[in-house]
Amino acid sequence: MSASNAAIATTVEQITIVTHHYVAVGAAGTVLTSSDGLAWTVQPPISAGDLAAVVHGGQFVAAGKAGGIFTSSDGITWQTRNSGTANDLAAVVRTLSGYTAVGDLVRMKVIAASSSPERSSGQLI
């Protein structure tokens, strides 16, 4: 469904861009994509839970409620990854060795999106 001329009734939490390829994530697993940041296409939800963050660093990585971690090469087709936590994740960043996600009392380093994460409990960093 193209959302270019219609109102999108969802909450968007974060947007990332890679060479004319925008991906936004938000409430109830919402994923939106765009080639120009103006006309958006609603993609199928990737989770029942809210998504709080998305980043690109060779692939798209989204994170959210109940430890949800998802990866995609194109921002349209997503794979669910095992984060090893049920805690909500609030942010994800690309690092030199992979990705790091943080959230409610958890910090985890995902060396590669397909590998098992290393976790450490504690305060948000």
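The questions and answers below go through a predicted model of one protein chain.

Residues carry numbers from 1 along each chain as its sequence is written. Local features need pLDDT of at least 70 and side-chain atom pairs count only at pLDDT 80 or more, while totals for chains, interfaces and linings use all residues, and side-chain values rest on heavy atoms, with hydrogens and water left out.

Reader: How many helices and strands does the secondary structure of the protein chain come to?
Author: Helices (H or I, at least four residues) and strands (E, at least two) are DSSP runs, numbered from the N terminus. From that end the elements run β-β-β-β-β-β-β-β-β-β-β-β. The count is zero helices and twelve strands.

Reader: Which strands stand at the edges of the sheet E1-E2-E3-E4?
Author: This is an open sheet of four strands with antiparallel pairing, where two strands pair if DSSP finds at least two bridges between them. E3 and E4, for instance, pair over three bridges, and Leu-32 has Val-42 in E4 as its bridge partner. Two strands have a single partner strand each, so one side of each is left without a neighbour in the sheet: E1 (12-17) and E4.

Reader: By how many degrees are neighbouring strands of the sheet E5-E6-E7-E8 turned against each other on average?
Author: This open sheet also has four strands and antiparallel pairing; in it, E7 (residues 69-72) and E8 pair over three bridges, with Ile-69 opposite Arg-81 in E8. Axes are lines fitted to C-alpha atoms, for helices over the stretch in contact, and angles run from 0 to 180 degrees between N-to-C directions. With direction ignored, the average turn is 25°.

Reader: Which elements give two or more residues to the largest nonpolar core?
Author: A nonpolar core is a set of buried Ala, Val, Leu, Ile, Met, Phe, Trp, Tyr and Cys residues joined through side-chain atoms within 4.5 Å. The largest has ten residues, among them Val-23, Val-54, Phe-60 and Trp-78. Val-23 touches Val-54, Phe-60 and Trp-78, among others (contact means heavy atoms within 4.5 Å), not counting residues up to four places away in sequence. The elements asked for are E2, E5 (51-56) and E6 (60-64).

Reader: Which residues form the aromatic pair, and is it edge-to-face or stacked?
Author: Rings of Phe, Tyr and Trp (its six-membered ring) pair if their centres lie within 6.5 Å; planes under 30 degrees apart count as stacked, over 60 as edge-to-face and the rest as tilted. A search of the whole structure finds one pair. Its centres are 6.0 Å apart and its planes 75° apart, and the pair is Tyr-22 with Trp-40, edge-to-face.

Reader: Is Trp-40 buried or exposed?
Author: Buried means under 20% relative accessible area, exposed over 50%, partly exposed in between (1.4 Å probe, protein chains only). Tyr-22 in strand E2 counts as partly exposed because its relative accessibility is 21%. Trp-40 lies in the loop between E3 (31-34) and E4 (41-43), 18 residues from Tyr-22. Its relative accessibility is 11%, so Trp-40 counts as buried.

Reader: At what distance from the ring centre of Tyr-99 does Arg-94 lie?
Author: A charge sits over a ring if NZ of Lys or CZ of Arg is within 6 Å of the ring centre and within 35 degrees of the ring normal. Tyr-99 belongs to another core, of nine residues, which lies apart from the largest one. Arg-94 lies over the face of Tyr-99, and the distance is 5.0 Å.
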